[in-house]
Amino acid sequence: MVFIKNFSKRLNELIKERKINQIDIVKSTNISASSINDYVSGKYFPKRENLIKLALFFNVNPDWLSGDSESKDNIMDYIVSNSIDNANALYYYILERILSDSPQTLINFIIANKEKIDKKIKEKEEKGEEQNE
């Protein structure tokens, strides 16, 4: 119950900060309007895939959005530094975006985060080389 309350509070905070409405979220994430309404009202907590979609849409750490972390870091830092489960969720989101009416949002997101992605990959490679020595 606490997770639902924290999630709903943070989702509403992001909606207010970004000056968007629920329809904007529906169009960009392909999450149903009724689900978005249920999340905003605190009725339900999203399944992991929808949580990742929302975190991508708002460019925040999904653990922060769920109320499980105080770190609001951007989603790309979170994805690059965390588990394969997150990579799988991202893969499905990207696939869905490519197949949707508006892949331009995804393209803009990747372009905007390219430097961060490249930097994180390089850091991981360097750490791997250090561990192998």
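## Overall picture

Of the 133 residues in the protein, 36% are buried. Keep in mind as you look around that this is a predicted model. The mean pLDDT of the protein is 77, and 62% of the residues reach a score of at least 70. Confidence varies between elements: α3 has the highest mean pLDDT, at 97, while helix α7 (residues 84–99) has the lowest, at 57.

The protein contains 8 helices and 0 strands, so its pattern along the sequence reads α-α-α-α-α-α-α-α. Among contacts with a separation of 6 or more, 56% are made by residues 24 or more positions apart. The accessible surface of the protein is about 8400 Å², and carbon and sulfur atoms account for 52% of that.

## The nonpolar core

Let's turn to the inside. In soluble globular proteins, nonpolar side chains tend to be buried together. Here the largest nonpolar core has 17 residues, and the members that touch the most others are I36, L54, F58 and L65. At least two residues of this core come from each of α1 (2–18), α2 (22–29), α3 (33–41), α4 and α5 (62–66).

L65 is a good place to zoom in. Beyond its neighbours within four places in sequence, L65 is in contact with N6, F7, R10, L11, L14, L51, L54, A55 and V60.

## An aromatic cluster around F7

The structure holds 3 aromatic pairs. In one of them, the ring centres of F7 and Y39 lie 5.8 Å apart with the planes at 80°, which makes the pair edge-to-face because that angle is over 60 degrees. This pair links distant parts of the chain, with F7 in helix α1 and Y39 in helix α3, 32 residues apart. F7 is buried, with a relative accessible area of 0%, and Y39 is buried too, at 5%.

F7 also pairs with F45: the ring centres are 5.4 Å apart and the planes are at 65°, so this pair is edge-to-face as well. Again distant parts of the chain are linked, since F45 sits in the loop between α3 and α4, 38 residues from F7 in helix α1. F45 has a relative accessibility of 33% and therefore counts as partly exposed. Taken together, ring pairs link F7, Y39 and F45 into a cluster.

## G42 in the α3–α4 loop

The loop between α3 and α4 is also where you will find G42. Is G42 buried or partly exposed? With a relative accessible area of 24%, G42 is partly exposed, because buried would require a value under 20%.

Leaving out residues up to four places away in sequence, G42 touches I4 and S8. The C-alpha atoms of G42 and N12 are 9.8 Å apart in space, although the two residues are 30 apart in sequence.

## One salt bridge in helix α4

Side chains of opposite charge can pair when their charged atoms come close. How many salt bridges does a search of the whole structure find? The search finds 1, in which the side chains of K53 and E49 meet with an N to O distance of 3.7 Å.

Both K53 and E49 belong to helix α4 (residues 48–58), where they are 4 residues apart, about one turn of the helix. The two partners fall into separate exposure classes: K53 counts as buried at 4% relative accessibility, whereas E49, at 32%, counts as partly exposed.

Note on methods
Residues are numbered from 1 along each chain as its sequence is written. Side-chain values use heavy atoms; hydrogens and water are left out. A salt bridge is a side-chain nitrogen of Lys or Arg within 4 Å of a carboxyl oxygen of Asp or Glu. Buried means under 20% relative accessible area, exposed over 50%, partly exposed in between (1.4 Å probe, protein chains only). A nonpolar core is a set of buried Ala, Val, Leu, Ile, Met, Phe, Trp, Tyr and Cys residues joined through side-chain atoms within 4.5 Å. Contact means heavy atoms within 4.5 Å. pLDDT is the predictor's confidence in each residue, from 0 to 100. Accessible areas come from the Shrake-Rupley method with a 1.4 Å probe; for residues, only the protein chains shown count as cover. Rings of Phe, Tyr and Trp (its six-membered ring) pair if their centres lie within 6.5 Å; planes under 30 degrees apart count as stacked, over 60 as edge-to-face and the rest as tilted.
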